[in-house]
There are 2 protein chains.
Amino acid sequence: MAGNSEPKTAKMKDVADLAGVSIKTVSRVLNNEPHVQDKLRNKVKDAVAKLEYIPSQSARSLRGNRSYTITLLCHAADSSYSNTIQFGAVVACQRLGYQLSISLQEGLDQLSFDQLKAVFEKLIHQHRPDGIMLMAPYAGNKMIAFALQELGIDVVRIGPVDLPTEDILVEIDDYGAAIELTQHLIDLGHRRIAFVRGLENQRATDVRFAGFSMAMNAAGLTIDDRLVMPGSFDFSSGMDAGQKLLSLEDPPSAVFASNDDMAAGLVTAATMAGVPVPEGLSVVGFDDSAVATRMRPELTTIHQPLRELGEVAIEKLIESFQNERKTSARRIVLDHNFILRNTTAPLTIS
Amino acid sequence: MAGNSEPKTAKMKDVADLAGVSIKTVSRVLNNEPHVQDKLRNKVKDAVAKLEYIPSQSARSLRGNRSYTITLLCHAADSSYSNTIQFGAVVACQRLGYQLSISLQEGLDQLSFDQLKAVFEKLIHQHRPDGIMLMAPYAGNKMIAFALQELGIDVVRIGPVDLPTEDILVEIDDYGAAIELTQHLIDLGHRRIAFVRGLENQRATDVRFAGFSMAMNAAGLTIDDRLVMPGSFDFSSGMDAGQKLLSLEDPPSAVFASNDDMAAGLVTAATMAGVPVPEGLSVVGFDDSAVATRMRPELTTIHQPLRELGEVAIEKLIESFQNERKTSARRIVLDHNFILRNTTAPLTIS
DNA sequence: GCGATTTTTGACAAGGTTGTCAATACAGGA
DNA sequence: TCCTGTATTGACAACCTTGTCAAAAATCGC
């Protein structure tokens, strides 16, 4: 502590003095308010830059009744999917001068509506976030949606969600992507194609299956119910599905797994059963998460711009409570990409 | 918004009125300060409970110059290691009434000391965190340590760190764990054992290698320099190391990879080269991260209590700035476990 | 050119808490 | 009993912004 040269962080008053204006004018410039001449505006901006002035969040928060904080509701599971989205959210928050605060909530699915409301009421009262961001597995939960709506807080959701609330939604075209993947398998000559579903309370599960069905029907192929397996979006459920599918009398030649982790499980199960991938079984996943390029062979899948989804979600959320009018689009769809790797191959007649 | 029954959150003044004391006395009770009669103290506590009073964080933060926020300095990489620690940190923060705020910093390694100081100065000035938590790859960085020390903020670090600062350290016995793993391979009869190092600026790399060396020497074995490979703690560097090791004239029969991701890369490389694991090559990892049980065969490794490391780190950090005296231990070592799975087998004489 | 209107600017208060310091209550010693 | 010293309590300022409102400046209409 000795010999400290007193950098003494600048306050708004210092900026005002340097720019030769009043404190209030500085405040106006910083908050992009109208009613400031360009000349003064520039003077203030220069002074801010020169002094490296940064507003005090606590003072702003106290006076303005806003916290400049967004709470991300997280599930306990450590998934690459969630983490990448969170990464994007942090980046956007930093860029826009907000803080991202993580709230970990387990077992929200088991609570009653009133219990849910109580949980959120406490959370909101304590941290007073300006908004809340939801992703799987909470993004599509209707009770959570309604509870938050009653509490009157701004919400953004990521993923395919179909809710009668006014929340902002950010997603990719899951339906179209599922059609692409299915068509890819069909184009390779596959006819008996299995499908591994995800968690049943998530809309992604239904939408991806709907795309799969659509493509199959369009190609004049029927879906064998015995080839539609349950799953839970994790590695081991993919393994289970794989073992069951491969022990069928008439096993499929290709499998559509609703996400990459399950696809990895499927490939592992096939390899262990002595079925070579892709020669004996083609597999596609969904997400393009880290595992897709770490497994062998590498996985053919749909790339979701997860980081971008997180960024856009935060941007739209902040935009929504900065513009009073709420005119901007409430539903944003980002582009996805079909990624061809090595788990898919033409059907070989055996 | 219509018909709102005005829940009107209670302020400190309301509590004071209800308890029949001054505002300042309420403040004292809430902050566990001395100089309040037990009788009054209880009255205040009752009033707080009755009104469900929760202090305004922004006002506290503004006046008290504390934010009740801890900033976790994160690297961009999406690793299971970091995420699990973060998970524990969030849990502890929630329990203790703090907020965990994520700050994402890339390329901190390339900055000069002054640039680093500027980055942290801005970060601290903006969010005013009460403390900062560091983990790999920043935990062991000396410049970061000194920069933060000069700024006078409390810091907790996770992982093997050897720094001349007064920061709190939370870790496992990396050295001992490395000895255990090595001894396991030696006990299986292996003599030519390779080692894949991690990033060179992280102390874990040196400490784990030191444990390896110690165990090898103690067993009277020499370390072949050509079997010590560089690595960067990621999957592909493990693959690279594996390919190089297996193409040697006299390849090793076992490999100690400094973490699980590299071990997974090694196993993949071996499998692709037609070398069966563990029959043709034994592999051990370090961390027991998610990949350890998703690969085949499953990985023999050291289990680090990552979630607990995160929790304890936060607890100790908060404890440190609540107790002025700073008497509690500054270095905490948690238990690890040796996990025997299927990537290791007795040496077979070929 | 002058009053009316609109735009720009600034003085001041307020937001809810904690630090400072003075005031009060209380205990102990002469 | 009175005085001294300590423990307890409270009044008030301060923290740094933003909202309110009035003053000042600029623009407009005739």
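What follows is a conversation about how to read a predicted model of two protein chains and two DNA strands.

Trainee: Let's begin with chain A. What are its helix and strand counts, and what box do its C-alpha atoms fill?

Mentor: Chain A has 13 helices and 12 strands. Taken along the principal axes, its C-alpha atoms fill a box of roughly 85 × 45 × 45 Å. Of its 350 residues, 48% are buried. As for contacts with a separation of 6 or more, 72% of those in chain A are between residues 24 or more positions apart.

Trainee: How do I read a sheet, and in what order do the strands of the open sheet in chain A come?

Mentor: In a regular strand the side chains alternate between the two faces of the sheet. Here four strands of chain A make an open sheet in the order 7-6-8-9, with parallel pairing. Strand 7 (228–229) and strand 9 (282–284) of chain A are the edges, each pairing on one side only. Further in, strand 6 (residues 193–196) and strand 8 (residues 254–257) of chain A are joined by four bridges in the parallel sense. One bridge to look up pairs A:Ala194 with A:Val255 in strand 8.

Trainee: Over in chain B, is strand 4 mostly buried or exposed?

Mentor: Strand 4 (residues 154–158) of chain B is largely enclosed by the rest of the structure, because four of its five residues are buried. Four bridges link strand 4 to strand 3 (residues 131–134) of chain B, and the two run parallel. B:Gly131 has B:Asp154 of strand 4 as its bridge partner.

Trainee: Now a helix. Which residues of helix 7 of chain B are buried, and why do they end up on the same side?

Mentor: The general idea comes first. An α-helix has 3.6 residues a turn, so residues three or four places apart point the same way. In helix 7 (residues 142–150) of chain B, the buried ones are B:Ile144, B:Ala145, B:Ala147 and B:Leu148. They span an arc of only 165° around the axis, so they sit on the same side of helix 7 of chain B. After helix 7 of chain B comes B:Gly152, with a positive phi near 70°.

Trainee: Which residues touch the most other members of the largest nonpolar core?

Mentor: That core has 87 residues, and the ones touching the most other members are A:Ala89, A:Met133, A:Ala313, B:Ala89, B:Met133 and B:Ala313. Take B:Ala89: leaving out residues up to four places away in sequence, it touches B:Leu72, B:Leu100, B:Met133, B:Gly310, B:Ala313 and B:Ile314.

Trainee: How should I read the contact between the chains, and how many residues does each chain give?

Mentor: The size of an interface is often given as the accessible area lost when the parts come together. Here we have residue counts: 35 from chain B and 34 from chain A. On the chain B side, helix 4, helix 5, strand 2 (99–104), helix 6 (113–127) and helix 11 (260–272) each give two or more residues. Helix 5 of chain B gives the most, with seven. By class, that side of chain B has 14 nonpolar, 16 polar and five charged residues.

Trainee: Is B:Asn83 buried or exposed, and what does B:Asn83 touch?

Mentor: B:Asn83 lies in helix 5 (residues 80–96) of chain B. It counts as buried because it has 21 C-beta neighbours inside 10 Å, and the cut-off is 20 or more. Not counting residues up to four places away in sequence, B:Asn83 touches A:Asp78 and A:Asn83. Sequence distance can mislead you, too: B:Asn83 and B:Leu306 are 223 residues apart along the chain, yet their C-alpha atoms are separated by 9.0 Å.

Trainee: And B:Pro276, buried or exposed?

Mentor: B:Pro276 is exposed, with 11 other C-beta atoms within 10 Å. You'll find B:Pro276 in the loop between helix 11 and strand 9 (282–284) of chain B. B:Pro276 and B:Gly310 are 34 residues apart in sequence, and their C-alpha atoms are 37 Å apart in space.

Trainee: Last, the DNA. Which residues come nearest to each strand?

Mentor: Around DNA strand C there are 27 residues, and A:Ser22, B:Met12, B:Ser27, B:Ala59 and B:Arg63 come nearest. Helix 4 of chain B gives the most to that surface, with five residues. Its classes are 13 nonpolar, eight polar and six charged. DNA strand D has 24 residues around it, the closest being A:Met12, A:Ser27, A:Ala59, B:Ser22 and B:Arg63. Helix 2 (23–30) and helix 4 (57–64) of both chain A and chain B each give two or more residues to the surface near DNA strand D.

Conventions. Residues numbered from 1 in each chain as written. Chains lettered and ligands numbered in written order. Predicted model: local features only at pLDDT ≥ 70, side-chain atom pairs only at ≥ 80, totals over all residues. Near = placed C-beta within 6 Å. Buried ≥ 20, exposed ≤ 12 C-beta atoms within 10 Å, placed from the backbone. Arc of directions from axis to C-beta. Core = buried A, V, L, I, M, F, W, Y, C linked by C-beta atoms within 7 Å. Contact = placed C-beta atoms within 7 Å. Pairing = 2+ DSSP bridges. Nonpolar A, V, L, I, M, F, W, Y, C, P; charged D, E, K, R; others polar.
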